[in-house]
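The following exercises are to be worked through with the sequence and the coordinates at hand. Each task is followed by a stepwise solution.

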Amino acid sequence: QQAQASRAPIQRLADASILIRSAEALETAQKLDTIVLDKTGTITTGKPALTDVHATGTVAENELLMLVAGAEADSEHPIASAVIAGARGRGITVPAPAAFDSVTGKGVQATVAGRSVLVGTATLLAENGIDTAELEQISTELAAAGKTPVLAAVDSYPAGVIAVADTVKGDSVSAIAALRELGLHVVMISGDNARTAAAIAGQVGIDRVLAEVLPEHKAGEVRRLQAEGRQVGMVGDGINDAPALAQADVGLAIGTGTDVAIEAADITLISGSLAGVVTAIRLSRATMRNIR
Ligand code: ADP
Ligand code: MG
């Protein structure tokens, strides 16, 4: 009778294509009361596209895009691929950078076509002594639309802002609604700027947002929620998310994400859909009921 009762959930597990590392992870999943969702690549597809180019006047729009794309040529960030593809789509030949430095969670610095190019967040530019007032004004509007503004300085002048936008995965909205119906507190975490993160959170029905969180601080945010007495499930896809996945009571990796995230997690959602989180928690609750 017992064996019969527990067979059904395990079958469903296979159908839903969820990989669970241990019986303990399955057991802990029913105790979760909080789910932290990474934004880029977890709630969204993580494949942004170039949407806007605003030059302030120091360089023309196409030159700005050429310089920014050149600066991003050696970056592995999804923003870089979006900018380079967008530039090529506009018929721009992307130059190779002469010198290149990546600043994790902030942006890139490079020498392109003999010019010094700094690309990334307002914080990165401000830290390098650039006056960001005008660029931040342009950024605000882009971010309110859920786009990620990428600020650029050329030879230390605030040269413009380009924007990339990511798409919310088809079933993120319904999965988040289902998590809330299960009584879970749902939180979004992102390295992206606060306005962009809030706009995306609004689109998917999340009311608590932790934004502008540097990669090395994501695990600390999970720890902070745990210190509030919460049982935290963390869902992420990136190298950035690995320490937070390990810190969480249950780490759930997006199967289409990086291997580092998958290795750090207890559960892998093979299809990459957030519906898998709902399935895992329902399954855990059903399984524990059957065992007791
Ligand atoms: P996320 O958590 O959204 O995946 P990251 O921690 O990788 O973000 O980066 C945080 C922010 O830093 C990005 O939203 C972007 O504004 C900026 N950034 C990081 N890398 C780059 C890059 N190569 N080019 C431009 N901006 C970048
Ligand atoms: Mg991510």
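Two strands pair if DSSP finds at least two bridges between them. Helices (H or I, at least four residues) and strands (E, at least two) are DSSP runs, numbered from the N terminus. The model is predicted: local features need pLDDT of at least 70, side-chain atom pairs count only at pLDDT 80 or more, and totals for chains, interfaces and linings use all residues. Residues are numbered from 1 along each chain as its sequence is written, while chains are lettered from A and ligands numbered from 1 in the order in which they are written.

**Exercise 1. Determine which strands pair with strand 2, and in which sense.**

Step 1. Strand 2 is joined to strand 9 (residues 185-189) by 5 bridges, and the two run parallel. Within this pairing, Asp-38 is opposite Ile-189 of strand 9.

Step 2. Strand 11 (residues 232-236) also pairs with strand 2, over 4 bridges and in the parallel sense. Here Thr-34 has Val-232 as its bridge partner.

**Exercise 2. Establish whether strand 2 is enclosed or open, and describe the surroundings of Thr-34.**

Step 1. A residue is buried if 20 or more other C-beta atoms lie within 10 Å of its own, exposed if 12 or fewer, and partly exposed in between, the C-beta atoms being placed from the backbone.

Step 2. In strand 2 (residues 34-38), 5 of the 5 residues are buried, so the strand is largely enclosed by the rest of the structure. Both faces are covered: one carries Thr-34, Val-36 and Asp-38, the other Ile-35 and Leu-37, all of them buried.

Step 3. Thr-34, a residue of strand 2, counts as buried because it has 22 C-beta neighbours inside 10 Å.

Step 4. Two residues are in contact if their C-beta atoms, placed from the backbone, lie within 7 Å. Neighbours within four places in sequence aside, the contacts of Thr-34 include Leu-184, His-185, Val-187 and Leu-225. Arg-230, Gln-231, Val-232 and Gly-233 are also among them.

**Exercise 3. Describe how domain 1 and domain 2 are arranged.**

Step 1. The domain bounds, which come from an automatic or database domain assignment, give domain 1 (2-45 + 168-291) and domain 2 (49-165).

Step 2. The C-alpha centres of the two domains lie 32 Å apart. Across the boundary, 11 residues of domain 1 are in contact with 12 residues of domain 2.

Step 3. On the side of domain 1 that touches domain 2, helix 9 (residues 194-204) gives the most, with 5 residues. That side has 4 nonpolar, 5 polar and 2 charged residues; Ala, Val, Leu, Ile, Met, Phe, Trp, Tyr, Cys and Pro count as nonpolar, Asp, Glu, Lys and Arg as charged, and the others, Gly among them, as polar.

**Exercise 4. Locate ligand 1 with respect to the domains and identify the residues that come nearest.**

Step 1. A residue is near a molecule if its C-beta atom, placed from the backbone, lies within 6 Å of it. Of the 22 residues around ligand 1, Thr-40, His-77, Gly-105, Gly-191 and Asp-192 come nearest.

Step 2. Elements giving two or more residues to this shell include helix 3 (39-43), helix 5 (78-89) and strand 7 (148-154).

Step 3. The shell around ligand 1 comprises 6 nonpolar, 12 polar and 4 charged residues.

Step 4. Domain 1 and domain 2 both give residues to the shell, so ligand 1 lies between them.
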